[in-house]
Amino acid sequence: LNFSSGSRPYDANVGDEYDSWTNDGVLEYYWGEHIHLGYYSDAELQRGWRKKDFKEAKYDFIEEMLKWSGAIGSEAEGAKEPKNILDVGCGIGGTSRYLAAKFPNAKVTGITISEEQVRRATELARERGLGNVEFKLMDALNLTFEDDQFDLVWGCESGEHMPDKRRYVEEMTRVLAPGGNLAIATWCQRHSTESTPFTDAERADLQFLYDEWAHPYFISIKDYEGILRDTTAFAEVSTDDWTVPTIASWRHSVWVGVVDPWIVVFKGPVVWYKTIREIVTLERMHRAFDSGLMEYGMIKGTKAQAAQPVEAGAAQAEGGRAL
C-alpha cells in the first residue's frame with residue numbers, strides 16, 4: 001500500500017467524492033448525520049474522550065458554535081433567534097435539520113454540490129417531519145440568492161474544499177442580512193511568514209492532506225480574518241482556535257471503527273482499502289493538529305447595519321443650520 005501521496009487530489013471533484021461517500025454508507029454509519037468534528041469539554045478530556053459518545057460530541061459542537069456565533073441571545077438580551085438560516089456545505093443535512101428543529105419558526109436552507117447529499121438530506125428531513133428546512137444543489141461560490149437574505153449564515157467545515165476562499169467568504173457575506181451573523185468553522189494551516197516559513201516536511205504533510213480528501217489548499221485563521229475585514233461589510237470580526245476541544249475527534253473516529261468494524265468487513269475489498277486509507281489520513285490529521293501545523297479555525301462576523309436614509313425634512317433642516 002502506498003501512502004506517500006494522496007489518492008483523491010482536488011480536480012473539481014468534491015461533489016463526486018461526496019456522492020461516493022454518501023452512497024457507500026460507511027461515513028454516515030460511523031459519523032452519523034454530522035460530517036464534522038465534535039466538541040469535548042476540558043472535563044470530558046480529563047475523563048477520557050472514549051467515555052463520550054462520538055456522535056453526541058457533534059451535537060455539542062453545533063450548540064457551542066451556535067452560542068459562539070452571536071446568533072442567539074438570552075431572555076435578558078431579548079431572546080434573539082435567527083429566522084432565516086443558510087447552511088453552506090450542509091453535507092447530508094444534519095446541522096440544517098438540527099437548527100430547523102431548534103428554531104421551528106425559522107426557515108433553514110442547506111446547500112451542497114453533491115446530488116446524493118441533497119437526496120439523503122431531503123429523505124431524512126421528510127422522515128422527521130420537518131417542513132421548515134429544504135436542501136438545494138448549489139455552488140457556494142455562485143449562490144443564486146438575492147443580497148441581504150439570511151440573518152445567520154453557517155459554514156461548518158466547507159471552506160476546506162473551496163478553490164477560492166475569498167469568493168467563498170464574499171458570497172456568504174453578500175447574502176447575509178445587515179445585522180446578521182456569519183459563522184465559519186474550518187480546518188486551517190498555521191500562518192506562515194517570511195520568518196516562519198513551512199519546512200519541506202510540513203509542505204509534504206500538507207500536500208498529502210490536500211490530495212487525500214480533495215482539498216485544493218488550506219489557509220490560516222489570520223488569512224480568513226483578513227478576508228472578512230477586506231469586505232468592509234462587518235461591524236465586528238473575531239476569531240478563535242478550537243484545536244483543543246476538537247482534536248480528540250480524529251482518533252475517536254478511528255476508535256468507533258475498531259470496536260464496531262462489521263459494516264466495513266461486509267462491504268468487501270474495495271471498501272477495506274478505502275477504509276485503511278481513511279484511518280491513515282485521520283491519524284495524519286491528528287498529528288498535524290497536534291504539532292501545530294494545522295489549527296481549527298473559528299471565524300465570525302456581524303454584518304454592519306444598513307445606513308438609515310435621512311428624511312427629506314430633516315435633511316433640509318440640517319442643511320439650513322449655520323455652521
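**Figure 1. Residues lining the largest cavity of the predicted model.** The lining of the largest cavity is made up of Y18, W21, T22, G25, L27, E28, I35, I92 and Q117. Two elements each give two or more residues to this lining, namely helix 1 (14-24) and helix 2 (26-31). Helix 1 supplies the largest share, with three residues. By residue class, the lining comprises five nonpolar residues, three polar residues and one charged residue. The space within the largest cavity amounts to about 60 Å³. The structure contains one cavity of 30 Å³ or more.

**Figure 2. The open, seven-stranded sheet.** The strands follow one another in the order 3-2-1-4-5-7-6, and their pairing is mixed. Strand 3 (133-137) and strand 6 (234-241) form the edges, each of them pairing on one side only. From one strand to the next, the twist averages 15°.

**Figure 3. Pairing of strand 7 with strand 5 and with strand 6.** Strand 5, residues 176-189, and strand 7, residues 294-303, are paired in the antiparallel sense through nine bridges. Within this view, A185 is placed opposite M298 of strand 7, and I184 is placed opposite I299 of strand 7. Strand 6 is likewise paired with strand 7 in the antiparallel sense, here over seven bridges. T239 has I299 of strand 7 as its bridge partner. I299 therefore appears in both parts of the view, facing I184 and bridging to T239.**Figure 4. Burial of strand 7 and the packing of helix 13 on the sheet.** Strand 7 is mostly covered, as seven of its ten residues are buried. Helix 13, formed by residues 269-291, packs on the sheet and touches both strand 5 and strand 7. The direction of helix 13 makes an angle of about 75° with that of strand 7.

**Figure 5. Helix 6 across strand 2 and strand 3.** Helix 6, which spans residues 115-127, lies across strand 2 (107-112) and strand 3. Relative to strand 3, helix 6 runs at about 170°. Strand 3 is one of the edge strands of the sheet. Q117, one of the residues that line the largest cavity, is also shown.

**Figure 6. A12, a residue with a positive phi in the segment before helix 1.** Most residues other than glycine have a negative phi. A12 is not a glycine, yet its phi is positive, at about 55°. This residue is found in the segment that comes before helix 1. A12 is exposed, and its relative accessible area is 65%.

**Figure 7. D148, a residue with a positive phi in the loop between strand 3 and strand 4.** D148 is not a glycine, but it has a positive phi of about 60°. The loop that holds D148 connects strand 3 and strand 4 (150-156). D148 is partly exposed, with 38% relative accessible area.

Terms used
Residues are numbered from 1 along each chain as its sequence is written. This is a predicted model: local features need pLDDT of at least 70, side-chain atom pairs count only at pLDDT 80 or more; totals for chains, interfaces and linings use all residues. Side-chain values use heavy atoms; hydrogens and water are left out. On a 1 Å grid over the protein atoms alone, a cavity is a set of points where a 1.4 Å probe fits but cannot get out, and a pocket is an open set with protein on both sides within 12 Å along at least five of seven lines; lining residues have an atom within 4 Å of a point. Grid points are joined across faces, edges and corners, and a volume is the space filled by probe spheres set on the points. Ala, Val, Leu, Ile, Met, Phe, Trp, Tyr, Cys and Pro count as nonpolar, Asp, Glu, Lys and Arg as charged, and the others, Gly among them, as polar. Two strands pair if DSSP finds at least two bridges between them. Axes are lines fitted to C-alpha atoms, for helices over the stretch in contact, and angles run from 0 to 180 degrees between N-to-C directions. Contact means heavy atoms within 4.5 Å. Buried means under 20% relative accessible area, exposed over 50%, partly exposed in between (1.4 Å probe, protein chains only).
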